[in-house]
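Q: I'd like a close look at one part of this model, residue by residue, with the cut-offs spelled out. Please pick a stretch worth zooming in on, then tie it back to the rest of the chain.

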Amino acid sequence: DVHDGRNWLLISAMPGRDLSAAAITPQQCIGILATALQLLHAIDIRTCPFDHSLSNRLALAKARMEAGEVDEDDFDEARLDQSAQDLFQLLETQKPDGAVLVVTHGDACLPNLLAQDGRLSGFIDCARLGVADRYQDLALAYRSVCDDFGEAWGQAFLDLYGVPQPDRAKLAYYQLLDEFF
């Protein structure tokens, strides 16, 4: 709906708690996360009008950097001593080859998925939803699981999702790209 020149989206409350706060075991959590992303990634990309391809994401990251909208104080701990310009240069020089394009959430971390009664009840914070490499979601989900439960659970998530031998460079790259959003 458009009102006074602004776009509005009216939604209703969704049941459940986010996966980072739900009263479930890490095993249940990663099972819900892996299944949710498999379902989302199975959607036909021709039905999604939002292009979040790497070239578009890099252009937006650069625009955000140039506009001073990148919070360098909020970088992951390993990058706190670097500038947005330094990190953007890495993004440009380390672009991964190839992509498995799927409909992605864009910010598939545990707080952005809801569960109730041990089952997925919905996705929230879908502003970055669009067609992108599946590693856009895998990288952020993996990091979120590792941060909450440890690296062994991160690998268990990847195993459940179906990528037991992930492209570690792509995981790192998409986590780096996330610093700009």
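A: Here is a walk that starts in one helix and works outwards to the loops and then the whole chain.

First, the ground rules: this is a predicted model, where local features need pLDDT of at least 70 and side-chain atom pairs count only at pLDDT 80 or more, while totals for chains, interfaces and linings use all residues. Residues are numbered from 1 along each chain as its sequence is written, and side-chain values use heavy atoms, with hydrogens and water left out.

Let's zoom in on helix H4, which covers residues 135-149 and holds Gln136. Helices here are DSSP runs of H or I with at least four residues, strands are E runs of at least two, and both are numbered from the N terminus. Gln136 has a relative accessibility of 5%, so it counts as buried. The cut-offs are under 20% relative accessible area for buried, over 50% for exposed, and partly exposed in between, with a 1.4 Å probe and protein chains only. The Gln136 side chain reaches the backbone oxygen of Gly106 at 2.9 Å. Skipping residues up to four places away in sequence, Gln136 touches Thr104, Gly106, Arg128, Tyr174 and Leu177. Contact here means heavy atoms within 4.5 Å. So Gly106 turns up twice for Gln136, once through its backbone oxygen and once in the list of touching residues.

Further along H4 sits Ser144. At a relative accessible area of 9%, Ser144 is buried too. Its touching residues, again leaving out those up to four places away in sequence, are Cys109, Leu110 and Pro111.

Next comes helix H6, residues 168-178, where you'll find Arg168. Arg168 is partly exposed, at 42% relative accessibility. Its side chain makes a polar contact with the side chain of Tyr142, at 3.1 Å. A polar contact is a pair of N or O atoms within 3.5 Å; within protein, one must be able to donate a hydrogen and the other to accept it, and residues adjacent in sequence count only if both atoms are side-chain atoms. Once neighbours within four places in sequence are set aside, Arg168 is in contact with Gln155 and Leu158 as well as Tyr142. For a sense of scale, take Arg168 and Ile124: they are 44 residues apart along the chain, and their C-alpha atoms are separated by 27 Å.

Now for a couple of backbone oddities in the loops. Asp117 lies between strand S5 (113-116) and strand S6 (119-123), and its phi is near 55 degrees, a positive value in a residue other than glycine. With a relative accessible area of 72%, Asp117 is exposed. Asp125 sits in the loop between S6 and strand S7 (130-133). Asp125 has a positive phi as well, about 55 degrees, although it is not a glycine. Its relative accessible area is 44%, so Asp125 is partly exposed.

Over on helix H2 we have Ser55, which is exposed at 53% relative accessibility. Ser55 and Pro26 are 29 residues apart along the chain, with 35 Å between their C-alpha atoms. The loop between H2 (54-66) and helix H3 (84-93) holds Glu72, partly exposed with a relative accessible area of 32%. Glu72 is in contact with Leu80, Ser83, Ala84 and Gln85, its neighbours within four places in sequence aside.

Zooming all the way out, the chain has six helices and seven strands, in the order β-β-β-α-α-α-β-β-β-β-α-α-α. Its radius of gyration is 17 Å, close to the 16 Å that the globule rule gives for 181 residues, so the chain is as compact as a globular protein of that length. That radius is taken over C-alpha atoms, and the rule is 2.2 Å times the number of residues to the power 0.38. The C-alpha trace spans about 50 × 45 × 35 Å along its principal axes.

As for packing, 41% of the 181 residues count as buried. Among contacts with a separation of 6 or more, 76% come from residues 24 or more positions apart.
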